[in-house]
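Subject: Structure for you, with notes

Hi,

Here is the structure I promised to hand over. My notes on it follow just below, so have both open side by side if you can.

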Amino acid sequence: MEIANQKVLVLSEIFFPEVTSTGYFLTKIAEGLSNSYAVKVLAGPIANESQITDVLDEDKIRQIEIHRCNGTEFDKNWLPGRILNGITRSFAIFYESLKLCDRGDIIFVVTNPPLLPFFALLLSWLKGAKLVLLVHDVYPEALIASGLIKKNSLPSKIIQLANKFLCRKADRLVTIGRDMSKVLSEKVSNQEKLCCIPNWADLELVHPASKQDNPVLQKLDMTENFVVLHAGNMGRTHDIELLAHAAVTLEKENSNVRFVFVGSGAKKEWLAEFIAENKLSNVHLLPFLPHSEKNISLNACDVAIISYLPDMAGISVPSRMYNHLASGKPIIAVADAWSELAQVVLEDNVGWNSHPGDLESLVDIIRQAAQNPEQCQQMGDKAAAIAREKYTLEHSDRAYSKLFESLCSAETALASKARRPKRG
């Protein structure tokens with residue numbers, strides 16, 4: 001049942017049928033909201049690599065009104081092109097949303113591309129709508145950590161002021177990690193605006209499976225090796241270099257450890273060149289498998305690894321973490337100790353944490369894991385149980401439902417107060 005015919009406008013560059021992390025999560029959130037609200041989505045063009053997937057509920061997708069907005073379509077791994085894509089698509093989404101947004105609507109927008117939330121804020125002012133900001137990346141901190149701008153530079157200061165303004169004016173801020181809530185608490189004056197709703201594991205698709213029967217490892221003839229898997233984006237904030245040097249160290253020792261990288265990103269080309277230059281036989285670089293075969297790639301290992309540059313805590317929370325848990329694999333986290341990633345791994349005892357940039361510590365952890373297969377199995381079993389217990393779509397749906405209901409209740413109370421006749 002719809003709540004007072006209230007409409008939710010979802011603004012996102014990426015949406016169904018794209019199954020990259022942002023596209024998948026925004027689509028599933030919209031599906032959940034469509035049970036109670038009229039949902040309209042304004043999104044960028046469908047990417048060429050998009051895959052229709054049976055993981056998404058086609059009946060619920062049909063309930064959602066999707067509006068495609070044009071924009072440039074440069075290669076996202078080319079930084080200038082990615083920036084131009086974000087700008088042109090943000091303009092197009094804003095223009096189209098002016099026609100669809102009405103007073104009292106709720107605008108739900110994600111932080112990527114960085115310009116889009118500011119258009120959403122302007123839209124909320126022009127139309128008298130509420131604004132909910134889903135924070136996937138914190139700016140300018142993410143740009144500083146990736147080396148794109150200097151910490152005390154003029155661009156950094158301008159972006160910091162702009163994002164503090166955005167956070168203070170939004171009606172609600174949804175973070176996806178406790179560390180992110182801590183960072184954003186310094187950008188808002190009203191802490192009640194903050195709401196932490198973690199992402200979830202794709203339990204319909206991901207589950208533990210036998211390593212010995214894994215098609216990827218069988219093809220690579222690695223079912224008897226100890227395999228470390230890096231699956232997902234190899235972006236500017238991920239310390240791919242550290243993992244490559246760990247591979248060099250372990251190959252010199254004639255170790256039984258092998259590394260498998262599955263995915264793409266800005267650092268993939270660098271990694272391919274590094275493997276060739278160092279003639280590494282213990283590293284294999286593979287493209288993404290089709291989304292329907294995600295469980296195969298996630299189970300092609302003994303342990304999973306997620307590696308961040310220093311000072312990334314509170315800036316970005318890796319959604320891949322939840323699917324690694326669901327696949328029943330322990331996680332080696334290369335992350336700041338107070339990050340959501342490190343907290344999950346350590347508090348639930350489902351892996352190890354290494355300080356960013358510490359090659360010796362990382363290699364020691366990998367050696368320890370390789371020498372203790374029973375410990376890895378126990379941690380993996382616990383990881384799968386934790387995913388089913390704590391990180392489910394049902395948990396997320398309930399949290400978003402509660403959040404939007406609170407906004408609707410506040411709006412109804414204000415409208416009732418405005419209609420109430422004055423005494424005297």
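Let me start with F404: setting aside neighbours within four places in sequence, its contacts are V8, L33, Y37, I106, F108 and V132. Please keep in mind throughout that this is a predicted model. F404 belongs to the largest nonpolar core, which has 99 residues, and together with L11 and F108 it touches the most other members. Another core lies apart from that one; it has 31 residues, including V303, L362, I366 and M379.

Next, helix α4, which covers residues 116–127. At 1.5 Å a residue its 12 residues should span 16 Å, and the end C-alpha atoms are indeed 16 Å apart, so expectation and model agree. Its buried residues are L116, P117, F119, A120, L121, L123 and S124. What do they pack against? On the strand side of the list there are β1 (7–12), β4 (106–110) and β5 (130–134), and the helices are α3 (79–100) and α6 (154–169). After α4 comes G128, with a positive phi near 70 degrees.

Two helix pairs are worth a look in your viewer. A pair of packed helices is described by the angle between the axes and the distance between them.

The first pair is α3 and α4, whose axes come within 9 Å and cross at roughly 15 degrees. Angles under 35 degrees count as roughly parallel, so that is the label for α3 and α4. The crossing is right-handed. On the α3 side the residues involved are S90, F91, I93, F94, S97 and L98, and they meet L116, F119, L122, L123, L126 and K127 of α4. Of these α4 residues, L116, F119 and L123 also appear among the buried residues of the helix.

The second pair is α9 (residues 240–252) and α14 (residues 359–370), packed at an angle of about 60 degrees with axes 10 Å apart. That makes α9 oblique to α14. Here too the crossing is right-handed. From α9, the residues L242, L243, H245, A246, T249 and L250 meet L359, L362, V363, I366 and R367 in α14. You will recognise L362 and I366 from the core of 31 residues.

Helix α13 (residues 340–347) has E340, L341, A342, V344 and V345 as its buried residues. Those residues pack against α7 (178–184), β11, α12, β12 (331–334) and β13 (351–354). N349 follows α13 and has a positive phi, near 55 degrees.

Now for the backbone geometry, which I thought you would want to check yourself. Most residues other than glycine have a negative phi, and most peptide bonds are trans. Which residues are joined by cis peptide bonds here? F16 and P17 are one such pair, with omega at about 10 degrees, and P17 is in the loop between β1 and α1 (21–33). N112 and P113 are another, with omega at about 0 degrees; P113 is in the loop between β4 and α4.

As for phi, N254 has a positive value of about 55 degrees although it is not a glycine. N254 lies in the loop between α9 and β9 (257–262). With 71% relative accessibility, N254 counts as exposed. D311, another residue other than glycine, has a positive phi near 65 degrees. D311 is placed in the loop between β11 (303–307) and α12 (320–326), and at 61% relative accessibility D311 counts as exposed.

One last residue: is E73 buried or exposed? E73 counts as exposed, because its relative accessibility is 52% and the cut-off for exposed is over 50%. E73 lies in the loop between β3 (65–68) and α3. Apart from neighbours within four places in sequence, E73 is in contact with P45, I46, N85 and R89. E73 and A47 are 26 residues apart in sequence, while their C-alpha atoms are 8.0 Å apart in space.

Happy to go through any of this with you.

Best wishes

Terms used:
Residues are numbered from 1 along each chain as its sequence is written. This is a predicted model: local features need pLDDT of at least 70, side-chain atom pairs count only at pLDDT 80 or more; totals for chains, interfaces and linings use all residues. Side-chain values use heavy atoms; hydrogens and water are left out. A nonpolar core is a set of buried Ala, Val, Leu, Ile, Met, Phe, Trp, Tyr and Cys residues joined through side-chain atoms within 4.5 Å. Buried means under 20% relative accessible area, exposed over 50%, partly exposed in between (1.4 Å probe, protein chains only). Contact means heavy atoms within 4.5 Å. Helices (H or I, at least four residues) and strands (E, at least two) are DSSP runs, numbered from the N terminus. The expected span of a helix is 1.5 Å times one less than its number of residues. Axes are lines fitted to C-alpha atoms, for helices over the stretch in contact, and angles run from 0 to 180 degrees between N-to-C directions. Angles under 35 degrees count as roughly parallel, over 145 as roughly antiparallel, 65 to 115 as roughly perpendicular and the rest as oblique. A crossing is left-handed if the near helix is turned anticlockwise from the far one by less than a right angle, and right-handed if clockwise.
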